[in-house]
Amino acid sequence: MHLRLSDEQRMVQKAIRKFVEKELMPLENEVLRNEREGKPGLSEEKLKELQLKAKEAGFWGINTPEEYGGANLGHVMQAIVTMEVSKTFVPFRFGGSADNILYYANEEQKKKYLIPTINGDKKSCFAMTEPGAGSDTRNIKMTAVKDGNEWVLNGEKIFITGGNEADFVMVIAITDKERHQATNGREGVTCFIVDREMGWRSEPIHTMGPSTPASLIFENVRVPEENILGELHGGYKLGLEWIGYARWMVGARAIGAAERLLQMAIDYAKERVTFGKPIAERQAIQWMIADSAVEIEAAKWLVLNAAFTLDQGEDNRHLASMAKLFGANMGNRVVDRVLQIHGGMGYTKEMPIELWYREARLWRIYDGTDEIQRMIIARNLLKGHVKLGQFL
Ligand SMILES: Cc1cc2nc3c(=O)[nH]c(=O)nc-3n(C[C@H](O)[C@H](O)[C@H](O)COP(=O)(O)OP(=O)(O)OC[C@H]3O[C@@H](n4cnc5c(N)ncnc54)[C@H](O)[C@@H]3O)c2cc1C
C-alpha cells in the first residue's frame, strides 16, 4: 500500500495546477461579471479556445482510450485532474472525452456519434429523469413503439444537463411495457441515440445555480432501429452506469472547490482584524478551519478509493455512493463555513463564495440525492452485498 501519488501522477497534477492558475483563474472576474448579468460564465468560443490550449499542453481526453486519441490516464488520474480544475469556478472542462456509455456504440454509431463527440464536433446529453421519475427511475413513462424499421418516441424528460446545446441525446424509453412492469423497471427499457434533427425540442430550466438544464419534449419522434445504443430492452443498465460514473466525480468536484474556498478563508482570517486581533486568532474561526480541513482529507480518501477500485476493474458502486454522499455534504459544510468566516463580504456577488454556495447545493441532489445514496449504502450492508471492511 502506498498512500502518495506516483511521480507521474504528481507531475500531471502540477501541470494541470499550472494550467488552471495561468489560463483559468485570470478569467474569474469575467465569469463573475457574466454570472451577475445572467449570462453563461464562458462563451462556447472561449471554452473551445481554452480546450485547444489545454490540448497543446497535452491535456486532451484524460480518460479516453488511446485508440481514440486520448491519454487514457485512468480514473484515479481523472479524479486528481477534476480536483485541480474544480479549484476554480470558471466552467471549464477538458476536451477529448465522451460519456462512458457511448463506448457501447457499434462501429457505425462510433463513427457518427462517439468520434465527433470526442473531437468536440458534436455535443451529447443523457436523459433518464422525467417529471414523475427522478430518484425512482423505474417509474419512467416515455415510450418507444416500433413502427416498421423505426421507433416512435413520445414523452418528456426534465433536468437534462447540456440539453439546450446538445446535437443528440442518449434517451431512455420503455420498449416493452409488460417486461418493464414484470421486472419492476429493470428490463424492457432501451437507450436510443436521437439527433435533434429527428424532432425533439428543448426548453431551458432556470435554477438557483450556474447550471441551466433542459426539458426535452418528444412528440412522435421517429428514430431508426440502428440508433439503439447497446441492447434492445437493456437500457436500464446503461442508465445506471452513466449515473454511477458521475457519482464519485461529484465528490471530486466538491473537494477541489472546498480546498480553494478553505484557502480563501485562511487568507482572509489572517487579514481581517476585529477587536484588535485577526479573526484567525479566535478559536471559533480556527475550529471551522480545522473541521473543514479534516473533512476535505476524508473526502479525498473516499473519492480516490472509488476511482482506484474502478481502475482495478472492480465494482465501485458502494464506494461511489459513499464518495458522493460525503463529498457533496462536505462541500456544502465547507462553503457555508467559508461564507461565515468572510462575514458580509461572503454574502456579496463581489466574491465567488455565494456562487459556489448555490452550486454546491446541487451536489446533494443530482446523480442520486443524499437520501438515495444512504438507501443504497444501507441496502448493500443489510443485504450483505457489501461487507464492512471489505475494501480495506
Ligand atoms: C441541475 C440538474 C441537472 C441534472 N442533470 C440530469 C441529467 O443530465 N440527466 C438526467 O437524467 N437527470 C438529471 N438530473 C435529475 C436528477 O438526477 C434528479 O433531480 C434527482 O435524481 C432527484 O430526482 P427528483 O428531482 O425527481 O426528486 P424526487 O425523486 O422526487 O425526490 C424528492 C425528495 O424525496 C427524497 N426521496 C425520494 N425517494 C426516497 C426514498 N425512497 N427514501 C427517502 N427519500 C426519498 C429525495 O431524496 C428528495 O429529497 C438533474 C437534476 C438537476 C437539478
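Q: What makes the backbone of M128 a polar contact of the ligand?
A: A polar contact is a pair of N or O atoms within 3.5 Å, and a backbone N or O atom of M128 lies 2.9 Å from an oxygen atom of the ligand, so this pair meets the definition. The model is a predicted one, in which local features need pLDDT of at least 70 and side-chain atom pairs count only at pLDDT 80 or more, while totals for chains, interfaces and linings use all residues. Residues are numbered from 1 along each chain as its sequence is written, and side-chain values use heavy atoms, leaving out hydrogens and water.

Q: How do you know that T369 makes such a contact as well?
A: One of its polar side-chain atoms lies 2.6 Å from an oxygen atom of the ligand, which is again within the limit of 3.5 Å.

Q: Why is L392 called exposed?
A: A residue is exposed over 50% relative accessible area, buried under 20%, and partly exposed in between (1.4 Å probe, protein chains only). L392 has a relative accessible area of 69%, so it counts as exposed.

Q: Why is strand β5 described as largely enclosed?
A: Seven of the seven residues of this strand (a DSSP run of E, at least two residues long), which covers residues 189–195, are buried, so the rest of the structure largely encloses it. V189, C191, I193 and D195 point one way, whereas T190, F192 and V194 point the other way.

Q: What makes β4 and β5 a pair?
A: Two strands pair if DSSP finds at least two bridges between them, and β4 and β5 are joined antiparallel over seven bridges, with F168 standing opposite D195.

Methods. Helix = DSSP H or I, 4+ residues; strand = E, 2+ residues; numbered from the N terminus. Polar contact = N/O pair within 3.5 Å; in protein donor to acceptor, adjacent residues only side chain to side chain.
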